[in-house]
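Me: I have a two-chain model open on my screen and would like to know what stands behind the words people use for it. Could you go through them with me?

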Amino acid sequence: MSNISRRNLFKGAAAGAIGVAAATQATSASASSKRVVIVGGGIGGATAAQYLKKMDKSIDVTIIEKNPDYYTCFMSNEVLSGERQMSSIHFNYDKIKAKGINVIFDTVTGIDAQGQTVSTAGGQKLAYDRCIVSPGVDFKYEAIEGYSAEVAHNSIPHAWKAGPQTEMLRQQLLDMKDGGTVVLVAPPNPFRCPPGPYERVSQIASYLKEHKPNSKIVVLDPKDKFSKQGLFVDGWKRHYGYETDASMIKWIPAKDGGTVTKVDVASKTVTCGAGEFKADVLNIIPPQKAGKIAFDAGLVDDKGWCPIDHKTFESTIHKNIHVIGDASVAAPLPKSGYAANSEAKVCAAAVASALNGLEMVEPSWVNTCYSVIAPGDGISVAAVYKYEGGKIVAVKGAGGLTGAYDPELRKREVLYAHSWFANITADVFG
Amino acid sequence: MKKTKLGFIAKAALVAGGMLASNVAFAGIDRAEMLANTCAGCHGPNGVSHGPATPSIAGISKDYFIESMNAYASGSRPSTIMMRIAKGYSEADIQAMAEYFSKQHHQSAVQAVNESLVQKGEKLHNKYCEKCHSEGGSLASDDAGILAGQWKPYLQYNLHDFTSGNREAPKKMAKQLKAMHDKYGQEGVDQLIEFYSSK
């Protein structure tokens with residue numbers, strides 16, 4: 001009896017000691033520990049996790065992500081046209097977990113930069129040695145009177161984060177009568193995926209041309225120019241009668257009153273300098289800013305984006321926190337999926353080097369953005385970037401746009417666009 | 001002459017890379033890896049492409065990688081996007097990437113093939129191509145592109161460029177390809193493609 005008691009007592013004491021040790025480890029960072037907490041499991045966050053683990057297996061990597069199901073924003077325009085299914089842009093975290101990366105499905109509520117901890121809505125508190133924040137974008141709904149997150153969710157989708165709103169917009173296009181009007185409100189700079197709104201216009205036009213040929217798309221734009229404009233306009237002329245009386249697409253730039261200030265939700269009517277436009281299907285892509293957690297953690301500048309060191313992506317506001325992807329100020333790198341993927345690898349190299357007390361190797365980045373204007377007509381813009389004089393700079397003489405129209409090469413660009421999709425998603429989620 | 005110069009730079013880069021590597025306690029990140037990581041978005045993780053068209057560059061011959069990048073940059077090899085990308089790198093960068101990808105393992109693309117075309121293609125390959133693209137076009141050490149197990153559209157694009165005169169083939173290849181094409185036409189080309197994509 002006394003033996004058992006003693007044994008129990010001993011066991012209890014040992015367990016208590018282990019508990020204390022574990023608690024200590026969980027709340028304070030030691031010089032030799034290598035704990036990285038990644039806030040956001042999108043393209044930037046998931047890539048950073050994979051490459052950190054690949055570079056140094058001894059790093060303890062944790063991703064905290066809200067959604068167990070991820071839908072890529074890129075290629076979601078092809079869902080709108082019916083070129084592909086939602087299931088083809090759906091990814092999960094099973095393969096990432098299988099590589100020994102911790103994935104927690106929870107919402108980050110705060111980052112304590114001094115205490116080096118991340119708190120979640122689920123009540124977890126995770127200590128880190130380095131934190132990588134990849135929150136993507138959030139929307140300035142208030143910039144357009146009458147618009148809100150609720151309206152976007154219920155009836156006038158932005159669909160600028162792929163998911164249920166992509167499906168809603170697709171359904172609205174399917175339900176629209178032939179001869180209807182689609183109005184697309186484009187966002188001001190800077191925003192996620194610069195050619196994206198114009199690829200969306202192209203993909204919707206492609207669907208309408210085949211199924212509802214008497215319909216129109218009006219693009220109301222708070223800008224006077226846009227990414228790959230020459231190539232898009234050339235393609236719109238070739239496929240959609242652009243700039244003729246029978247044009248399916250009408251683009252109204254800022255100088256002609258294209259800046260939308262107000263929406264009447266019930267009648268789907270938007271107001272801008274050029275007048276009132278009543279839509280059968282209305283897609284508003286609002287002005288953008290860094291994701292919410294970047295604001296909560298005090299990582300943003302007065303413009304609502306996160307300033308960073310161009311070599312390491314470490315925040316210039318808070319030490320040991322790195323910001324990558326759309327939320328970071330990394331221009332000339334664009335806010336694109338490829339750029340987020342490329343930034344994440346450079347950031348992973350910076351973090352792995354720092355955690356091992358080493359100098360980081362000279363970084364390098366690439367960006368490639370494909371857009372499909374119509375079946376068999378793909379275009380792209382590409383650039384190679386280097387680190388020079390403390391800044392990211394595009395390598396002169398390299399990169400640029402697809403050349404003059406060549407049907408054979410345009411067909412190839414479509415297949416290369418689809419190859420890019422297969423390969424980058426394998427790199428991020430595979 | 002050019003090759004000698006590149007060879008010298010390669011050795012210098014290797015020595016420098018080796019010095020860096022000896023200082024790191026973990027699977028180090030050298031410049032070659034840093035550069036190669038940027039290719040994965042289109043060419044797949046470690047250069048193994050998931051298709052449907054972009055070629056795998058894992059296991060590629062160093063010389064062929066360098067030759068290809070230089071040909072893209074100069075415009076002598078037609079391309080959609082590589083002519084824009086290739087201009088972004090120094091000779092040392094290209095050398096480092098060539099070194100990196102040559103050490104990765106080539107994995108054949110899994111794609112549907114027509115068995116009867118494969119058999120016809122194999123005969124054509126053995127007659128016209130095997131001498132330089134040995135072992136069914138699978139050897140990197142030939143210093144030619146790995147044809148075996150490449151994605152079909154990529155093989156189609158390149159053979160189209162050669163037969164249409166858009167891309168200049170090395171003399172011996174031009175002669176063999178012309179002989180094959182004169183006798184078997186586009187059907188012969190398709191059979192060859194089917195053979196390589198089946199490997």
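Reply: Happy to; we can take the interface and then some sheets, setting each value against its definition.

This is a predicted model, in which local features need pLDDT of at least 70 and side-chain atom pairs count only at pLDDT 80 or more, while totals for chains, interfaces and linings use all residues. Residues are numbered from 1 along each chain as its sequence is written, chains are lettered from A and ligands numbered from 1 in the order in which they are written, and side-chain values use heavy atoms, with hydrogens and water left out.

Me: How do you know that chain B and chain A are in contact?

Reply: Contact means heavy atoms within 4.5 Å. By that rule, 41 residues of chain B touch 48 residues of chain A.

Me: What area do chain B and chain A bury between them, and which residues of chain B supply the most?

Reply: Buried area is the accessible area (1.4 Å probe) that two parts lose on being put together, summed over both. Here that comes to about 3500 Å², with 61% of it on carbon and sulfur atoms. B:Phe26, B:Arg84 and B:Tyr157 supply 19% of the area that chain B buries against chain A, more than any other three residues.

Me: Why is the pair B:Arg84 and A:Glu413 called a salt bridge?

Reply: The term asks for a side-chain nitrogen of Lys or Arg within 4 Å of a carboxyl oxygen of Asp or Glu. The closest N and O atoms of B:Arg84 and A:Glu413 are 3.6 Å apart, so the pair meets the definition. Across this interface the rule finds 3 salt bridges.

Me: Which elements give two or more residues to the side of chain B that touches chain A, and how do those residues divide?

Reply: The elements are helix 2 (31–37), helix 3 (40–43), helix 5 (82–85) and helix 9 (152–163) of chain B. The residues on that side divide into 20 nonpolar, 15 polar and 6 charged. Ala, Val, Leu, Ile, Met, Phe, Trp, Tyr, Cys and Pro count as nonpolar, Asp, Glu, Lys and Arg as charged, and the others, Gly among them, as polar.

Me: What makes strands 22 and 23 of chain A a pair?

Reply: Helices (H or I, at least four residues) and strands (E, at least two) are DSSP runs, numbered from the N terminus. Two strands pair if DSSP finds at least two bridges between them. Strand 22 (residues 364–374) and strand 23 (residues 377–388) of chain A have 10 bridges in the antiparallel sense, so they qualify. A:Val372 has A:Gly378 as its bridge partner. The two strands form a hairpin with 2 residues between them, and A:Gly376 in the turn has a positive phi of about 80 degrees.

Me: How many bridges join strand 23 of chain A to strand 25 and to strand 24?

Reply: Strand 25 (residues 400–401) pairs with strand 23 of chain A over 2 bridges, antiparallel, and A:Val381 stands opposite A:Leu401 there. Strand 24 (residues 391–394) of chain A is joined to strand 23 by 4 antiparallel bridges, with A:Tyr387 opposite A:Ile392.

Me: Why are strands 6 and 8 of chain A said to stand at the edges?

Reply: They belong to an open antiparallel sheet of 3 strands in the order 6-7-8 (chain A). Strand 6 (108–112) and strand 8 (125–127) each have a single partner strand, so one side of each is left without a neighbour in the sheet.
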